[in-house]
Amino acid sequence: MSEMSGFARRLTDLMQARGWDRMRLSKETGIPYHRLSPWFMRPTALPRGDDLDVLCTTFITTNAWLLRGEGASPSETANLLAMYDQMSPGRRQKLLEDARDQARLDEIDRARSAEAARKPDGSTP
């Protein structure tokens, strides 16, 4: 049997955290077993459309994280939300402002990197 894909490993971890097997996943999500089974057996098999939406909703995550491991994992998100809930309203507002600033800086960095990659000599402005 081939090695599990990153997607299958992430989904398996989420299922194990809830004590679910594949049959339970099928029951809880309404995704037929015959449709989800290949995801664990073939590295190139991935959920599509509604199945992916149901998985993301069930496990409170994004398709980017589930499919590619990009962004915050469900446990990171849960930890952040728990800490946020413990903050005063003033600190929450400050955190949101800081997060917006950091997101803008990341956007600028990505744009600069993309521009540098397009230049033949790799120089930056």
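Which backbone nitrogen does the side chain of Thr29 reach at 3.2 Å? The close-ups below begin with that residue and then move along the chain; please keep in mind that the model is predicted.

**View 1. Thr29 and its polar partners in helix 2 and beyond.** The answer to the opening question is Ile31: its backbone nitrogen is reached by the Thr29 side chain at 3.2 Å. Thr29 itself belongs to helix 2. A second partner is Leu25, whose backbone oxygen lies 2.6 Å from a polar atom of the Thr29 side chain. With a relative accessibility of 13%, Thr29 counts as buried, because the cut-off for that class is under 20%.

**View 2. The contacts of Thr29 with residues further along the sequence.** Leaving aside residues up to four places away in sequence, Thr29 touches Val54, Leu55 and Thr58. For a sense of scale, look across to Leu80: Thr29 and Leu80 are 51 residues apart in sequence, and their C-alpha atoms are 26 Å apart in space.

**View 3. Helix 2 packed with helix 3.** Here the axes of helix 2 and helix 3 (residues 33-41) are 10 Å apart, and the two helices pack at an angle of about 135 degrees. That angle makes helix 2 oblique to helix 3. Their crossing is right-handed. Which residues meet here? From helix 2 come Arg22, Met23, Leu25 and Ser26, and from helix 3 come Tyr33, Leu36, Phe40 and Met41. Leu25 may look familiar, since its backbone oxygen is the one that lies 2.6 Å from the Thr29 side chain.

**View 4. A salt bridge within helix 2, between Glu28 and Arg24.** The closest N and O atoms of this pair are 2.7 Å apart. Glu28 and Arg24 are 4 residues apart in helix 2 (residues 22-29), so about one helical turn separates them. Are these two residues buried, exposed or partly exposed? Glu28 is partly exposed at 38% relative accessibility, and Arg24 is partly exposed too, with a relative accessible area of 35%.

**View 5. A salt bridge between Arg68 and Glu70.** In this pair, the closest N and O atoms are 3.2 Å apart. Arg68 has a relative accessible area of 48% and is partly exposed. Glu70, at 43%, is also partly exposed.

**View 6. Ser73 in the loop between helix 5 and helix 6.** Ser73 sits between helix 5 (63-68) and helix 6 (74-86), in the loop that links them. Is Ser73 buried or exposed? Its relative accessible area is 11%, and Ser73 is therefore buried. The side chain of Ser73 joins that of Ser75 in a polar contact of 3.1 Å.

**View 7. A salt bridge within helix 7, between Arg104 and Asp101.** The side chains of Arg104 and Asp101 meet at 2.9 Å, N to O. Both residues lie in helix 7 (residues 89-118), and because they are 3 residues apart, about one helical turn separates them. Arg104 counts as partly exposed at 48% relative accessibility, and Asp101 counts as partly exposed at 39%. How many salt bridges does the model have? The count comes to 5 salt bridges, among them Glu28 with Arg24, Arg68 with Glu70, and the pair shown in this view.

Note on methods: Residues are numbered from 1 along each chain as its sequence is written. This is a predicted model: local features need pLDDT of at least 70, side-chain atom pairs count only at pLDDT 80 or more; totals for chains, interfaces and linings use all residues. Side-chain values use heavy atoms; hydrogens and water are left out. A salt bridge is a side-chain nitrogen of Lys or Arg within 4 Å of a carboxyl oxygen of Asp or Glu. Buried means under 20% relative accessible area, exposed over 50%, partly exposed in between (1.4 Å probe, protein chains only). A polar contact is a pair of N or O atoms within 3.5 Å; within protein, one must be able to donate a hydrogen and the other to accept it, and residues adjacent in sequence count only if both atoms are side-chain atoms. Axes are lines fitted to C-alpha atoms, for helices over the stretch in contact, and angles run from 0 to 180 degrees between N-to-C directions. Angles under 35 degrees count as roughly parallel, over 145 as roughly antiparallel, 65 to 115 as roughly perpendicular and the rest as oblique. A crossing is left-handed if the near helix is turned anticlockwise from the far one by less than a right angle, and right-handed if clockwise. Contact means heavy atoms within 4.5 Å.
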